[in-house]
Protein chains: 2
Amino acid sequence: MTGKGIGQATIRDVAREADVSVASVSRVFNRLPNVRPELKERVEQAARKLNYVPHAGARNLSMARTGAIGVVLPDLHGEFFSEMLRGMEREAALRQRHLLLSNMHLDIGHGIEALRNMRGRVDGLIVMAPHMNLDDLFAHLPPSIPAVLLNCQDNGQGRPELRVDNVAGARAMVRHLVDCGRRAIVHIEGPAGNIEAADRSRGYAEAMEAAGLQPVILPGNFDEESGRRAVARLQADQIDVDAIFAANDMMAIGALVALRDMGVDVPGQVAVAGFDNIPLARLISPGLTTMAVDIADMGARGINRLVALIDGEAVPQMELRQPGLIIRTSSQLSAA
Amino acid sequence: MTGKGIGQATIRDVAREADVSVASVSRVFNRLPNVRPELKERVEQAARKLNYVPHAGARNLSMARTGAIGVVLPDLHGEFFSEMLRGMEREAALRQRHLLLSNMHLDIGHGIEALRNMRGRVDGLIVMAPHMNLDDLFAHLPPSIPAVLLNCQDNGQGRPELRVDNVAGARAMVRHLVDCGRRAIVHIEGPAGNIEAADRSRGYAEAMEAAGLQPVILPGNFDEESGRRAVARLQADQIDVDAIFAANDMMAIGALVALRDMGVDVPGQVAVAGFDNIPLARLISPGLTTMAVDIADMGARGINRLVALIDGEAVPQMELRQPGLIIRTSSQLSAA
DNA sequence: CGGTTTCTTGTAACCGGTTACAAGACGGCT
DNA sequence: AGCCGTCTTGTAACCGGTTACAAGAAACCG
């Protein structure tokens, strides 16, 4: 035996110490009403003496309920995910649930393994996987585990879903930029295969066409650095531009910083806009115009739905949330 | 019976289906070598047919090991915690561990309950509680559960600890500001009762005294708004100031924004400095001078230590990490 | 061919709780 | 006193895995 100590007291130890049955100890700890005060006192004393703490794992097994929720995210970089997690945590704490983190690093085989590992560990799953096909993902999972999907691609499993209307949001942003007098509006796209990126790109293209303007799309992958690179590319290729609409705020900020370094005036010469309204968007200078998705709230609602689902209540199959335009300095009217 | 479905297949179902014993099924799933290929094939086929996924909870109970690590944080606001969490997640994934989140909202009674709830759910704990007395916290917990403390107050429990040398960092920052020619250096403090805030405040006061300068301390509580308020207070009270050293970056940024709104030139009239080097510090304009703590790395090392501890290896009792000065535009030499 | 070793497989106890069920204690009633 | 209902308490099965141990089969040996 290692030096790990004598192991912790179990419910049977307490029962022996208090000279009662395990059932009684269980009743005391679960605050069931039908237990004589004198006996209750004896049990509590014994538990204190042995420094007994109930073993949650054993409890979970016998009750077939863990009180935990599995959160499967593609990544943890940036404020987007931390905001989402914050919202989830708030709601979960409110409902006496824990959050079990698991990120699936792009690779689907790994993702499936991650999901299977959750069985018996959590009561339900929140899955945010804008970058992968969910049919593949859920195919290897028993269908009875409750799950709520956040910003995922279409799925045939009929699971409840929360989504942001990215197409409409992107359209609205283009219209705003046009209203500000911009014409040469360039879009920096998100990573390939990401459904949110694709939707925003589509909204952009549609709105540009509707306005009779020529769409110009540069590649990106949602991080600051790719926003920077896009601007460098614009300069190198001498592309005419009076507005940049990035598919998310981090890229917009990268673009902003790059433009600042190049001495280009924002919004004087070029307007910049993003998407998500991460906390940073308000703090950066100039303030970043963006489409507000209440990220934390979305996470919270996801948890909310999932808990309802776990408790067997009916939940709406799908909710499409409309993002709202937040106008800040970075898209002020151009001198006209 | 509710409409929850017929429940999932268990190891016994698979055993029956494949006409073998549960032990054999277990051996197949745990990849033990001593099982005849033909039998292995039969088990795998049965498992596929029943869509069997092992129940992690049951496994954990019988092996007395969960593969999960409990992370107890005081809050989830702001980039500091999300960076820390990101670092932890990275390291945990590397070591095939899950993270179970739990934040203790300031209240110690609640905190104790949160810790107790972790027994049987996790193999060990990472505790970051700069704002509460750990003796109280751990007194109600069996001492045998492994735990690593991050930036905590002194504790008599002799648990491994990781800490940032906040006093030295604050001193270094004051010296830097003095070197830049600043004399009227005001400190915006963190919340009362927070050990990190107290240490930074102490470092500030010591360094000011050493430089023969008069310390001036304003209250704050680590959020942006309190940085803003401190600046308003400075203006209202007509306090003479040519540098503001906030106890963390978020307050420094609040101060920066407030000064910007007031038309005060940074760093021309007033230098601003923070502490932590959150990602935002680099992006804001002017760039924020700050003390760099590699937050994500610290989280990762915490996990690393904890895993070693769980595995019964020896780990150093305490590590004091030195933060590094990052000079950005917000503290450029004043015109002299 | 019998004895020993090695490999495969199954039986049943165990992890630490919960809980259905039964039995005993007690009080109130006729 | 006898009967019944209510309240308290204990016994033992169960949740779904792992694993010590034993037994049977196969291989190897002299």
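Reader: Which residue of chain B comes closest to the rotation axis?
Author: This is a predicted model. Distances to the rotation axis are taken at C-alpha atoms, and the closest approach by a residue of chain B is 2.3 Å. The residue is Leu100(B).

Reader: What kind of axis relates chain B to chain A?
Author: Chain B superposes on chain A with an RMSD of 0.1 Å. The operation is a rotation of 180°, with 0.0 Å of shift along its axis. That is the relation of a two-fold axis.

Reader: Through which surface do the copies meet?
Author: Take the interface residues of chain B. Of these, 100% are also interface residues in chain A. The copies therefore meet through the same surface.

Reader: How many helices and strands does chain A have?
Author: Chain A contains both kinds of element. The strands number twelve, and the helices number 13.

Reader: Is chain A a compact globule or more spread out?
Author: For 336 residues, the globule rule gives 20 Å. The radius of gyration of chain A is 26 Å, well over that value. So, set against a compact globule, chain A is more spread out.

Reader: What box do the C-alpha atoms of chain A fill?
Author: The box is taken along the principal axes. Its dimensions are roughly 90 × 40 × 40 Å.

Reader: What share of the residues of chain A count as buried?
Author: A residue is buried if 20 or more other C-beta atoms lie within 10 Å of its own. Chain A has 336 residues to test. The buried share is 49%.

Reader: Among contacts in chain A between residues at least 6 apart in sequence, what share join residues at least 24 apart?
Author: Contacts between residues under 6 apart in sequence are left out of this count. Of those that remain, the share joining residues at least 24 apart is 72%.

Reader: How do H5(A) and H13(A) lie to each other?
Author: H5 of chain A covers residues 78-94, and H13 of chain A covers residues 295-310. Their axes are 7 Å apart and the packing angle is about 45°. That makes the pair oblique.

Reader: Which hand does the crossing of H5(A) and H13(A) have?
Author: The contact includes Phe80(A) and Met84(A) from H5(A), and Ile295(A) and Gly299(A) from H13(A). The crossing of these two helices is right-handed.

Reader: Is Met84(B) buried or exposed?
Author: Met84(B) lies in helix H5 of chain B, residues 78-94. Inside 10 Å it has 25 C-beta neighbours. The cut-off for burial is 20 or more. Met84(B) therefore counts as buried.

Reader: Which residues is Met84(B) in contact with, leaving aside its neighbours within four places in sequence?
Author: H5(B) packs with H13(B), which spans residues 295-310. Met84(B) is among the H5(B) residues that meet H13(B). Its contacts beyond four places in sequence are Ile295(B), Ala296(B), Met298(B) and Gly299(B).

Reader: How far is Met84(B) from Asp261(B)?
Author: The two residues are 177 residues apart along the chain. Their C-alpha atoms are separated by 31 Å.

Reader: Is Gly268(A) buried or exposed?
Author: Gly268(A) sits in the loop between helix H11 and strand E9 of chain A. It has 11 C-beta neighbours inside 10 Å. A residue with 12 or fewer is exposed. Gly268(A) therefore counts as exposed.

Reader: What distance separates Gly268(A) from Ile11(A)?
Author: Along the chain, these residues are 257 residues apart. Between their C-alpha atoms the separation is 71 Å.

How values were computed. Residues numbered from 1 in each chain as written. Chains lettered and ligands numbered in written order. Predicted model: local features only at pLDDT ≥ 70, side-chain atom pairs only at ≥ 80, totals over all residues. Helix = DSSP H or I, 4+ residues; strand = E, 2+ residues; numbered from the N terminus. Rg over C-alpha atoms; globule rule 2.2 N^0.38 Å. Contact = placed C-beta atoms within 7 Å. Least-squares fit on C-alpha atoms with pLDDT ≥ 70 in both. Axes fitted to C-alpha atoms, helices over the stretch in contact; angles between N-to-C directions. Parallel < 35°, antiparallel > 145°, perpendicular 65-115°, else oblique. Left-handed = near helix turned anticlockwise from the far one by under 90°.
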